[in-house]
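Dear colleague,

Please find below the structure that I am handing over to you. My notes on what was found in it follow directly after.

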Amino acid sequence: MPPPVLTHFPRSIDILLQLTQKLVHFSAIMEYIDSAKNALRTDFTWNRVGHLAARGARAFPQASVEYVLDKFPIIGWLPRYNYRWIINDIIAGLTIGLMLIPQGLSYAKIATIPVQYGLMSSWAPSAIYAFMGTTKDLSTGPTSLISLLTAEIIEALHGEEWSPVEIASAVAMMMGIYGMAIGFLKLGFLLEFISLPVLSGFISAVAITIILNQMDSLLGEPNVGDGTATQIRDIFQQLPQANGYACAIGFTGILLLTVLDQAGKRWGEKNRIIWFLSITRAFIALVIFTGVGYAVNHSRGASENYLFDVAKVQADGQEPPKVPSAALLSKVASRSIAVFVGSAVEHTAIARAFAVRNSYVTDQSQELTYFGVTNVFNSFFHAMGVGGAMSRTAVNSACNVKSPLSGFVTTAVVLVSIFKLVGTLYWIPKATLAAIIITAVWPLMSSPRVFYGYWKTSLADFISSMIAFWVSLFVSTELGIASAVGFNIVYVLLRQVFATVRSLPDPQSSTSSELPLPLSVPHGDIPSHVNLPPDVHVFAFTDSLFFPNAYHAKHAIIDTVKTLHVPIFNGSCGLEQERQWSVTGEKRIAKLRRQAGITGDTHLPPIGLLVLDFGRTNHVDVTACTHMKAMVKEVRMYGGASVEVRFANMSEYVRQRFERAGWTLVDGWPAGSDGGSQDGNKVTRVFDSLVDAVVAPRQLSTRLGTSGSEKSSGKSVKEGREKVSMREQV
């Protein structure tokens, strides 16, 4: 037997080897940990994530409070409400309520649901908008666009176990869910992927489809089929079977509505009675022809004996709330996307347009939040989807409405009609509803001149508008807008794939090489010895300008101008709390100035000259040209009509696009000119370089004296310019 020491010796060696291996593994692990720590300390991305997380954690409490308050703008503007405005708001609310009664009934008819549900869809939106809206003018409720797209979904699900009203409510809920998701997360920029030409073609096709759908009621023709081609054929084939009484009611209604509309446009500003008759023309037609329907039909017994068809409105007040079924929601979820996109773009576009017209600021994300909340709420009350309506918004603005409080009056008017007037509305002729619908949607169609403008400006924009128009008209609106957006996305990708590369110097060009230009004072960036006057602002676009980024670029310019320059005090601009109900724009500019380190506006200069550098812009489209026009208009509303706008470093291709879009571009001031011409608002001058654009003589009315604002611009402006320099690179 070997000694015990020799017996345990191999085992000890094994243990030592195992310990050594573990130490080696531990050492490798420690080296890995040290390497990871070093990577975390030196890695740029991780450091940036940590910095952003820390900054977010510090800002979270205050930002959370501001976020919640922003969802209820009434908290900001109600304490500043001027009670002298109450008369204007009551008149506007009554007027919109009287418009909503016939329009709600008519748009429910388009949606192929019982017409009384149009009224049930109309009472809540105005009241909710008073709490959550960011414009004073916007009127929300049923619209022709939403009604038609809802009708298509109802037709697609025809024959299943759900009623048309249940399907319409489910569509409204899905619209609301999409709206809340985009609004609460501030993703409103996603809607900018719908270019203006696509929207024009889509809405024009929708308007034609709506008119065709009403022809059977207008003419009293039976058995008109579905689909554009079938409807056109059946309408003409069945003209001999048309109901003469229905034709008389319908065409007389169109004549009455048109005469009152044109009278209001011609004499409304001079005569308030004519103006009121014009804006309430739909309600007047409803009252007159409902009386006719009752007079000639109530003694004829059964409805089969009526001289013409009537609406047969039947309801016993507002029905109790009900949640749409989950199975139905899953059925309509994908189909509701087109309804949401079309109505949300329409809603936000109307809000922006009237905010610019009446000199206040709207919040697109908050409008989408309201859009979502309202449609979800409405869906519980057997209602169809709702959104902003152009015709009612225009009337609301014409009534000189002062705040969204008018919505409470509108809600009261609609509720009275639901509970007290439904029996009377039974006798509305269907031909009268058709006449109201046709005259309401006719202005939505873009004229051929608009499409010809797209043709002149950009072939791609024209093609996208035609795809949206023809596919929506003859196939489906859902596929029409999807195919047009798809075409735009493919076109943008192909432009990037087949990007043009030029050699320098270009043998085809008569100009010298562009390589030395940055070193040349007359053609390069602004040299340090050139003093930029405080009333001059230069913006450089860093990429192509087209439909996805044009709206953002426009607002980046406007925000910077309002941050670093004071407005002209002419009654339409100035301190917002002194002139308008809205505080949205005031809060936004105050926040931007805090971020820029500007503590007050007493030392800020006005804006006199705006220079846009297109040196890195190789492509623009119709949407970009349109947004730039809107930007110039807003800047001049803020800074005064004398603000001069100049372009610099513009390629021939980009210049031609602007000119074909309706811009009048001329080369910079002639040699020896003193800038005395006053045509700055009619033409836009184009210069070869930023230096030329900045130092060239200006119009006499836009020159800033050195004794005033130039001396008072001060340190705050200089620091502010440094902090917003990143914003200036649009």
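**Strand β4 and its neighbours**

In β5, the residue that forms a bridge with L610 is V645. Please keep in mind throughout that this is a predicted model.

The pairing of β4 and β5 is parallel and extends over five bridges. On the other pairing, strand β3 (residues 536-540) also runs parallel to β4, and five bridges join them. Within that pairing, F539 is the residue opposite L612 of β4. Together, β4, α26 and β5 form a β-α-β unit, and this unit is right-handed.

Is β4 enclosed or open to the surroundings? Five of its five residues are buried, so β4 is largely enclosed by the rest of the structure. The burial applies to both faces of the strand: L609, V611 and D613 are buried on one side, and L610 and L612 on the other.

**Aromatic rings**

The count of aromatic pairs in the model comes to 25. One of them is formed by W123 and F377, which meet edge-to-face with 6.3 Å between the ring centres and 75° between the planes. This pair links distant parts of the chain, for W123 belongs to helix α6 (residues 123-132) and F377 to helix α16 (residues 364-379), 254 residues apart. The cut-off for "buried" is a relative accessible area under 20%. W123 therefore counts as buried, because its relative accessibility is 16%. F377 has a relative accessibility of 32%, so this residue counts as partly exposed.

A further pair returns us to the region of β4. F614 and F647 are also edge-to-face, at 5.0 Å from centre to centre and with 70° between the planes. F614 lies in the loop between β4 (609-613) and α26 (622-639), while F647 lies in strand β5 (residues 644-648), so the pair ties together parts that are 33 residues apart in sequence. Both F614 and F647 are buried.

Two other features involve rings. F451, Y454, F469, W470 and F474 are linked into a cluster by ring pairs. In addition, R272 lies over the face of W275, 4.1 Å from the centre of the ring.

**Helix α8 and residues with a positive phi**

What span should helix α8 (residues 164-184) have? With 21 residues and 1.5 Å a residue, the helix should span 30 Å, and the distance between its end C-alpha atoms is 30 Å, which agrees. Just after α8 comes K186, whose phi is positive, at about 55°.

Why is a positive phi worth a note? Most residues other than glycine have a negative phi. N400 is a residue other than glycine, yet its phi is positive, near 60°. N400 is found in the loop between α17 (390-398) and α18 (406-420). This asparagine, N400, is partly exposed, with a relative accessible area of 38%.

N649 is likewise not a glycine and has a positive phi of about 55°. N649 sits in the loop between β5 and α27 (652-660). With a relative accessible area of 24%, N649 is partly exposed.

**Two buried residues and their contacts**

T432 is located in helix α20 (residues 430-441). Its relative accessibility is 1%, so T432 counts as buried. Which residues does T432 contact, leaving aside neighbours within four places in sequence? The contacts of T432 are I249, A285 and F289.

P73 lies in a loop, the one between α2 (44-70) and α3 (74-77). P73 is buried, because its relative accessible area is 12% and the cut-off is under 20%. Not counting residues up to four places away in sequence, P73 touches F131, M132, G133, T134 and Q366. For one of these, T134, the separation from P73 is 61 residues along the chain, and the two C-alpha atoms are 6.7 Å apart.

When you open the model, I would suggest beginning with β4, whose two faces are both covered, and then turning to the ring pair of F614 and F647.

With kind regards

Key. Residues are numbered from 1 along each chain as its sequence is written. This is a predicted model: local features need pLDDT of at least 70, side-chain atom pairs count only at pLDDT 80 or more; totals for chains, interfaces and linings use all residues. Side-chain values use heavy atoms; hydrogens and water are left out. Rings of Phe, Tyr and Trp (its six-membered ring) pair if their centres lie within 6.5 Å; planes under 30 degrees apart count as stacked, over 60 as edge-to-face and the rest as tilted. Helices (H or I, at least four residues) and strands (E, at least two) are DSSP runs, numbered from the N terminus. Buried means under 20% relative accessible area, exposed over 50%, partly exposed in between (1.4 Å probe, protein chains only). A charge sits over a ring if NZ of Lys or CZ of Arg is within 6 Å of the ring centre and within 35 degrees of the ring normal. Two strands pair if DSSP finds at least two bridges between them. A crossover is right-handed if, with the strands pointing away from the viewer, the path from the first strand over the helix to the second runs clockwise. The expected span of a helix is 1.5 Å times one less than its number of residues. Contact means heavy atoms within 4.5 Å.
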